[in-house]
Structure formats: structure tokens, C-alpha cells
Amino acid sequence: MAEDLPQIYLLTPPSFDLDVFPRTLSRVLAAHEPACIRLALATKDEDAVMRAADALRVVAHEHDIALVIENHIHLVARHGLDGVHLTDGARSVRAARKELGQDAIVGSFCGASRHDGMNAGEAGADYVCFGPVGETGLGHGARADRDLFAWWSEMIEVPVVAEGALSEALIRDLVPVTDFFAIGEEIWNDDDPSAALGRLIAAMG
């Protein structure tokens, strides 16, 4: 893949079978090389999140890929993870950076808000994530359009991630204006996640 093409940022499903998914993830990582993996579980069961973090850390680090966890700042050091992905815009970025130090990854999801993105970058986020970019009935309904990514890529140095309801057509359109594509349920609902990810990567050109 050309160096100037966006990289893949792989999201886990919001729920998965811990006896099955680590092997599935390992097969995907053997076929493709994402820049980072995000453990993005929907559950509030602390034990379930901790067991998943331990299992996926082993898989990710076997493939020399960073693993971040969604929101659970206090689990990062305890479970040997590489950082945290925050879903509350800029609000927790400064606190996360203070707790985790300069070497940890701190990312921020900012919906479709340029203002939140700039605040997150100024607070010390390593990347800012905008989305959803595709049509979805989930969330607040506001889509992050191409103009937002184009403006950000031209004006702001903090790397930007495109996330949410991605399609091959959207990926082709956004290639020039984003640094990463966050891919998750776009592939995990497929019978062959590795092949599904391959098709999305191929859409980059």
C-alpha cells in the first residue's frame, strides 16, 4: 500500500464470544495490518471488559499492533494497553493525558463538530475521529461530511479518522482527506471478515 494512503484503524464488535473472536481477529491481522485496534465493547460489566482486554492485548501485541480501549482510562495501565479512545469529545482528553502520560495514545471522537475536534487537539489528543460518515439511524443523526475532513486535513496537523457506516464508495471519496478509516461492524457481520476488509482496503485504490 502506498505510504500516502490512509491506514486502517480496526474496531472490535460491541459484543463478542471470547472463545471465538480472538482467533477471528488473529486471522484478520495475519491478512492485513491495521495501525491500531480499539476494544469497543458496549457492556458495562467490568469483569467482561477486563477479560476481553487481556485476551485481545495478547493477540494485538503478537502482531505488534497497538490496542486502545474505549473510555476506560483506568484499565489502560492495569492491563498493559496502549491508550484510550474517548467518546465525549474534548472533555476528558486533558485528564486522560495527565493520567496516562505522554507515551500513551489518547484519541477523541468528536461527532461532526469541528469545534470539539479543535478543542480535543489542543487538549493533547493524538487523533480526532469524526463520524458517522455514512447513513445511519444511530446517534444524533448529524453526519460528518467530506467538507469537514477536507478542511481539517488542510488546516489542522492532528491526524483525523473517518468512522461510521463506511462503504467502498465513501472510502474512495474520502481517501484524499483522511488519515485513517475506522472499520468495525462493516466487516464483522460478514462471513469472511478478512475478505470484507480486503475489499474496503482495495477501494482506496
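A residue counts as buried when its relative accessible area is under 20%. By that yardstick I65 is buried, because its relative accessible area is 5%. The structure described here is a predicted model, and I65 is a friendly place to start reading it. I65 sits in the loop that runs between helix α2 and strand β3 (66-70). Which residues surround I65, once neighbours within four places in sequence are set aside? The contacts of I65 are L29, P34, A35, C36, I37, A60 and D82. A longer view along the chain takes in E122, which is 57 residues from I65 in sequence and 26 Å from it in space, C-alpha to C-alpha.

Two of the residues touching I65, L29 and A60, lead to a pair of helices. Helix α1 spans residues 21-31 and helix α2 spans residues 46-62; the two pack at an angle of about 20 degrees, and their axes are 10 Å apart. Because of that angle, α1 is roughly parallel to α2. Their crossing is right-handed. On the α1 side, the contact is made by F21, P22, L25, S26 and L29, and on the α2 side by A55, L56, V59 and A60. What kinds of residues make up this contact of α1 with α2, sorted by class? Eight are nonpolar and one is polar, while no charged residues take part.

Helix α1 also shows how a helix can have two contrasting sides. Its buried residues are F21, P22, T24, L25, V28 and L29. These residues lie on the same side of α1, because they cover an arc of only 160 degrees around the axis. On the other side of α1, the exposed residues are R23, R27 and A30. The buried residues of α1 are covered by elements including β1, β2 (36-39), α2, α8 and α9. One member of the buried set, T24, can be followed individually. T24 lies in α1 and counts as buried because its relative accessibility is 14%, a value to be set against the limit of 20%. Beyond residues up to four places away in sequence, T24 touches W188 and P193.

P193 brings the description to helix α9, which covers residues 193-202 and has P193, S194, A196, L197, L200 and I201 as its buried residues. Do these residues line one face of the helix or spread all around it? Seen down the axis of α9, they fall within an arc of 160 degrees, so they line one face. The partners against which the buried residues of α9 pack are β1 (7-11), α1, α7 (168-174), β8 (180-183) and α8 (185-188). Helix α1 therefore appears here as a packing partner of α9, just as α9 is among the elements covering the buried residues of α1.

A second helix pair is formed by α5 and α6. Helix α5 covers residues 114-123, and it packs with α6 at an angle of about 30 degrees, with the axes 11 Å apart. That angle makes α5 roughly parallel to α6, since angles under 35 degrees count as such. The crossing of α5 and α6 is right-handed. R114, G117 and M118 of α5 meet L148, W151 and W152 of α6 in this contact. How many residues of each class does the contact of α5 with α6 hold? It holds four nonpolar residues, one polar residue and one charged residue.

Within α6, the buried residues are L148, F149 and W152. Viewed down the axis of α6, these fall within an arc of 95 degrees, so they line one face of the helix. The face turned away from that buried side carries the exposed residues D147, E154 and M155. The buried residues of α6 pack against α5, β6, β7 (160-163) and α7.

The loop leading into α6 offers a last stop. A142 is placed in the loop between β6 (127-130) and α6 (146-155). Is A142 buried, exposed or partly exposed? With a relative accessible area of 44%, A142 is partly exposed. Apart from residues up to four places away in sequence, A142 touches A112, G131 and P132. A142 and S113 are 29 residues apart in sequence, and their C-alpha atoms are 9.3 Å apart in space.

How values were computed. Residues are numbered from 1 along each chain as its sequence is written. This is a predicted model: local features need pLDDT of at least 70, side-chain atom pairs count only at pLDDT 80 or more; totals for chains, interfaces and linings use all residues. Side-chain values use heavy atoms; hydrogens and water are left out. Axes are lines fitted to C-alpha atoms, for helices over the stretch in contact, and angles run from 0 to 180 degrees between N-to-C directions. Helices (H or I, at least four residues) and strands (E, at least two) are DSSP runs, numbered from the N terminus. Angles under 35 degrees count as roughly parallel, over 145 as roughly antiparallel, 65 to 115 as roughly perpendicular and the rest as oblique. A crossing is left-handed if the near helix is turned anticlockwise from the far one by less than a right angle, and right-handed if clockwise. Contact means heavy atoms within 4.5 Å. Ala, Val, Leu, Ile, Met, Phe, Trp, Tyr, Cys and Pro count as nonpolar, Asp, Glu, Lys and Arg as charged, and the others, Gly among them, as polar. Buried means under 20% relative accessible area, exposed over 50%, partly exposed in between (1.4 Å probe, protein chains only). The arc is that of the directions from the helix axis to the C-beta atoms.
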